[in-house]
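Me: I'd like to learn how to read a fold from its strands, helices and contacts. Can you walk me through one?

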Amino acid sequence: MEFPDLGEHCQLENCNAIDFLPLQCKCGKVFCRTHFTEHCVSGTCEMAPKAKEINLENTDKIYKCSQKACRKGNLHEMLCVKCGKHYCIEHRFHASCPEIDDETMAAKIEQFEAPRRQFKEANKHLQDKITENIRKALQSSAKVKTAAKIHLMRIKQKAIGPKSIPVKDRVYFAIGKPNNMEAKSVKIIKDVNNIDYIESLTLDPDLKDTVPVFISSQWTLGRSIDSICDSCNIKNENNKQGDVKLRIFRQLDGYCISPLKMDVELSELIKQEILLEGDKIIVEYIATSVLSTLEDSAQIFLIS
């Protein structure tokens, strides 16, 4: 050893480690840095500096938590208003305080929990009120736009989609996913006079069991369907030959959006008010045979 006289051995029993920068207590014993701290806070040495007397710097003090077995210290003293002792944040309102009984502790907990519970109840009431307003608005076609705007505010809060879409181009919808890949029954209307108008429909304004998404208004309908399927994890085989194809329908009346033309732009559909931003859209599979025999002027509706 090159410097046999440098440093001293820790005098704690079972340690005896040599420390080149030892710390000496007022009682005369020398300790390594780790055991000096334990010696000071153990309470076995009357001459050991108290916790708040241990200086980090000239003016810094450490206040030891009064909770038994807790070794945490704070630079700022936090005295309990009941017993006057200092506690760390974790044990600030701990039941170990002899002046805090179960009733007082319950009151303290209630003080912190009450605002959170009140907010939750108020938010539920607000959501129920919004849903009720939508239900009333959808009783007539003249108020469908108002309902869509309310839907839109709720959808935007949790919508998912490609982050590469510029914010100014994003349009938002609530998507209802198909339960399986079986072709759904549809009604083909060749005469516009046979279409049921909105006033005669029973509408569901709730967004439950839907996925809020955003897509680009600059995309074609075909690309929009592809993106919706990616975001909602819907199996999409529109680019393959098969017995079924995916199409989108308005929840409002079950109307299929452009069943034959996939190259129509979404912005044009919104401009013509075939779709409204904030609409609830149902994605479903329909038979390829139905599409292959469909006339350009015919319309498709889901059979509920």
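Reply: Sure, and let's begin with strand pairing. Two strands count as paired if DSSP finds at least two bridges between them. Keep in mind that this is a predicted model. Here, Ile-175 has Val-211 in β9 as its bridge partner.

Me: How many bridges join β7 and β9, and in which sense do they pair?

Reply: There are six bridges, and the pairing is antiparallel.

Me: What other pairs should I look at around β11?

Reply: Take each neighbour in turn. β7 and β11 run parallel and are joined by three bridges, with Gly-176 opposite Ile-282 of β11. β10 and β11 run antiparallel, joined by seven bridges, and there Leu-246 stands opposite Tyr-285 of β11.

Me: What is the order of the strands in the sheet?

Reply: Chain the pairs together and you get β9-β7-β11-β10, an open sheet of four strands with mixed pairing. β9 and β10 are the edge strands with a single partner each, so one side of each has no neighbour in the sheet. On average, neighbouring strands are turned by 40° against each other, ignoring direction.

Me: Which helix packs on that sheet, and which strands does it touch?

Reply: That's α4, touching β7, β9, β10 and β11, and its direction makes about 145° with that of β9.

Me: How do I check the length of a helix like that?

Reply: Multiply 1.5 Å by one less than the number of residues. For α4, residues 221-232, the twelve residues should span 16 Å, and the end C-alpha atoms are indeed 16 Å apart. Just after α4 comes Asn-233, with a positive phi near 60°.

Me: Which residues of α4 are buried, and what do they pack against?

Reply: For burial, the cut-off is under 20% relative accessible area. In α4 the buried set is Leu-221, Gly-222, Ser-224, Ile-225, Ser-227, Ile-228, Cys-229 and Cys-232. These pack against β7 (170-176), β9 (211-216), β10 (244-250), β11 (280-287) and also α5 (266-271).

Me: Is β11 largely enclosed or open?

Reply: Count its buried residues: seven of the eight are buried, so β11 is largely enclosed by the rest of the structure. Ile-281 is a good one to click on, as it lies in this strand. Its relative accessible area is 1%, so Ile-281 is buried. Leaving out residues up to four places away in sequence, Ile-281 touches Phe-173, Ala-174, Ile-175, Gly-176, Ile-248, Phe-249 and Leu-275.

Me: Which residues touch the most other members of the largest nonpolar core?

Reply: A nonpolar core links buried residues of nonpolar types through side-chain atoms within 4.5 Å. The largest one has 33 residues, and Phe-173 and Ile-175 touch the most other members. Elements giving two or more residues to this core are α3 (144-156), β7, β9, α4, β10, α5 and β11. Among the residues that Ile-175 touches are Val-211, Val-213, Ile-228, Cys-232, Ile-281 and Val-283. Apart from that core lies another of ten residues, including Ile-286, Val-290, Leu-291 and Ile-300.

Me: And what about the chain as a whole?

Reply: Zoom out and you have six helices and twelve strands. Of the 304 residues, 36% are buried. For contacts with a separation of 6 or more, 56% come from residues 24 or more positions apart. The chain exposes about 19,900 Å², with carbon and sulfur atoms supplying 50% of it.

Conventions:
Residues are numbered from 1 along each chain as its sequence is written. This is a predicted model: local features need pLDDT of at least 70, side-chain atom pairs count only at pLDDT 80 or more; totals for chains, interfaces and linings use all residues. Side-chain values use heavy atoms; hydrogens and water are left out. Buried means under 20% relative accessible area, exposed over 50%, partly exposed in between (1.4 Å probe, protein chains only). Contact means heavy atoms within 4.5 Å. Axes are lines fitted to C-alpha atoms, for helices over the stretch in contact, and angles run from 0 to 180 degrees between N-to-C directions. Accessible areas come from the Shrake-Rupley method with a 1.4 Å probe; for residues, only the protein chains shown count as cover.
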